[in-house]
Amino acid sequence: MQVGYARTSTEEQVAGLEAQVRDLEAGGCDRVYREQVSALGDRPELEDALSFLRSGDTLVITKIDRLARNTRTLGDIVDDLHRRGVGLKVLQFGKETLDTTGAYGRLMLNMFAAFAEFERDLMKERQKEGIAKAKAERKYKGRKPTARAKAGEAIELFRQGRSVSEIAKAVGIGRGSVYRALEAAGLK
């Protein structure tokens with residue numbers, strides 16, 4: 001059985017999630033798990049997918065970064081899959097599809113995961129340098145405070161009787177941000 005896993009980091013990336021699901025279904029997945037969470041936090045759908053897989057099954061993803069953010073996490077997941085007799089297929093591996101059931105596929109996966117992690121680390125270094133330069137020139141403004149900008153909308157939804165979880169999902173901010181907005185407005 002081929003089991004797909006699709007993930008985007010934020011709820012605003014609906015089109016990206018839909019595209020992954022479409023590609024996974026077109027790739028022959030019998031079942032697709034999907035979620036919109038950061039790879040750094042808990043990923044309950046990934047846990048469910050990994051628990052569901054049995055020997056002889058294949059986990060299918062569109063790209064490596066949908067599964068793991070670094071080579072250690074990727075290696076742990078792939079090692080667990082292979083120990084259990086489960087394969088991994090990456091649909092968009094350059095212009096090719098990568099299947100890790102063989103030694104060559106595992107080698108290629110590890111090499112490209114290392115390159116992806118290296119590239120991400122370089123990007124972070126450049127970003128830090130750019131921020132430091134902007135701060136030195138007194139041009140750095142920081143990230144726009146998304147939650148504060150959406151506080152009014154959160155308060156209005158609360159007054160309409162919506163729960164904190166519903167508000168957080170509808171507005172696209174965390175539950176803690178909703179609670180802070182409600183507390184600032186004297187509603188909680």
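This report describes pockets, a helix contact and selected residues in a predicted model.

## The largest pocket

The largest pocket encloses about 380 Å³ of space. Its lining is made up of 18 residues. Those that lie nearest the centre of the pocket are Ile-64, Asp-65, Phe-112, Ala-116 and Glu-119.

Three elements each contribute at least two residues to this lining: helix 3 (71-83), strand 4 (87-93) and helix 4 (103-136). Helix 4 provides the largest share, with seven residues. By chemical class, the lining of the largest pocket consists of nine nonpolar, four polar and five charged residues.

## The second largest pocket

The volume of the second largest pocket is about 200 Å³. Its lining includes Ser-9, Thr-10, Glu-11, Glu-12 and Gln-36. Further along the chain, Ala-168, Lys-169, Gly-172, Ile-173, Gly-174 and Arg-175 also line this pocket. The lining of the second largest pocket divides into two nonpolar, five polar and four charged residues.

## The contact between helix 7 and helix 8

Helix 7 (residues 164-171) packs against helix 8 (residues 175-184) at an angle of about 110°, and the two axes are 9 Å apart. Helix 7 is therefore roughly perpendicular to helix 8, because angles of 65 to 115 degrees are counted in that class. On the side of helix 7, the residues that take part are Val-164, Ser-165, Ile-167 and Ala-168. They meet Arg-175, Val-178, Tyr-179 and Leu-182 in helix 8. The residues of this contact comprise six nonpolar, one polar and one charged.

Val-178, which belongs to helix 8, offers a closer view of this region. What is the relative accessible area of Val-178? The value is 0%, so Val-178 is classed as buried, the limit for that class being under 20%. Leaving aside residues up to four places away in sequence, Val-178 touches Val-164, Ile-167, Ala-168 and Ile-173. Val-164 and Val-178 are 14 residues apart along the chain, and their C-alpha atoms are separated by 6.5 Å.

## A buried glutamine in helix 1

Gln-20 is situated in helix 1 (residues 14-26). Is Gln-20 buried or exposed? Its relative accessibility is 8%, and Gln-20 therefore counts as buried. When residues up to four places away in sequence are not counted, Gln-20 touches Tyr-5, Ala-6, Arg-7 and Thr-8, together with Thr-62 and Arg-66.

## Residues with greater accessibility values

Glu-47 is part of helix 2 (residues 44-52). Glu-47 has a relative accessible area of 48% and is therefore partly exposed, since the exposed class begins over 50%. The C-alpha atoms of Glu-47 and Tyr-33 are separated by 9.7 Å, and these residues are 14 places apart along the chain.

Arg-138 lies in the loop between helix 4 and helix 5 (146-149). With a relative accessibility of 79%, Arg-138 counts as exposed. The backbone of Arg-138 also deserves attention: its phi is near 55°, a positive value in a residue other than glycine. Most residues other than glycine have a negative phi.

Technical notes:
Residues are numbered from 1 along each chain as its sequence is written. This is a predicted model: local features need pLDDT of at least 70, side-chain atom pairs count only at pLDDT 80 or more; totals for chains, interfaces and linings use all residues. Side-chain values use heavy atoms; hydrogens and water are left out. On a 1 Å grid over the protein atoms alone, a cavity is a set of points where a 1.4 Å probe fits but cannot get out, and a pocket is an open set with protein on both sides within 12 Å along at least five of seven lines; lining residues have an atom within 4 Å of a point. Grid points are joined across faces, edges and corners, and a volume is the space filled by probe spheres set on the points. Helices (H or I, at least four residues) and strands (E, at least two) are DSSP runs, numbered from the N terminus. Ala, Val, Leu, Ile, Met, Phe, Trp, Tyr, Cys and Pro count as nonpolar, Asp, Glu, Lys and Arg as charged, and the others, Gly among them, as polar. Axes are lines fitted to C-alpha atoms, for helices over the stretch in contact, and angles run from 0 to 180 degrees between N-to-C directions. Angles under 35 degrees count as roughly parallel, over 145 as roughly antiparallel, 65 to 115 as roughly perpendicular and the rest as oblique. Contact means heavy atoms within 4.5 Å. Buried means under 20% relative accessible area, exposed over 50%, partly exposed in between (1.4 Å probe, protein chains only).
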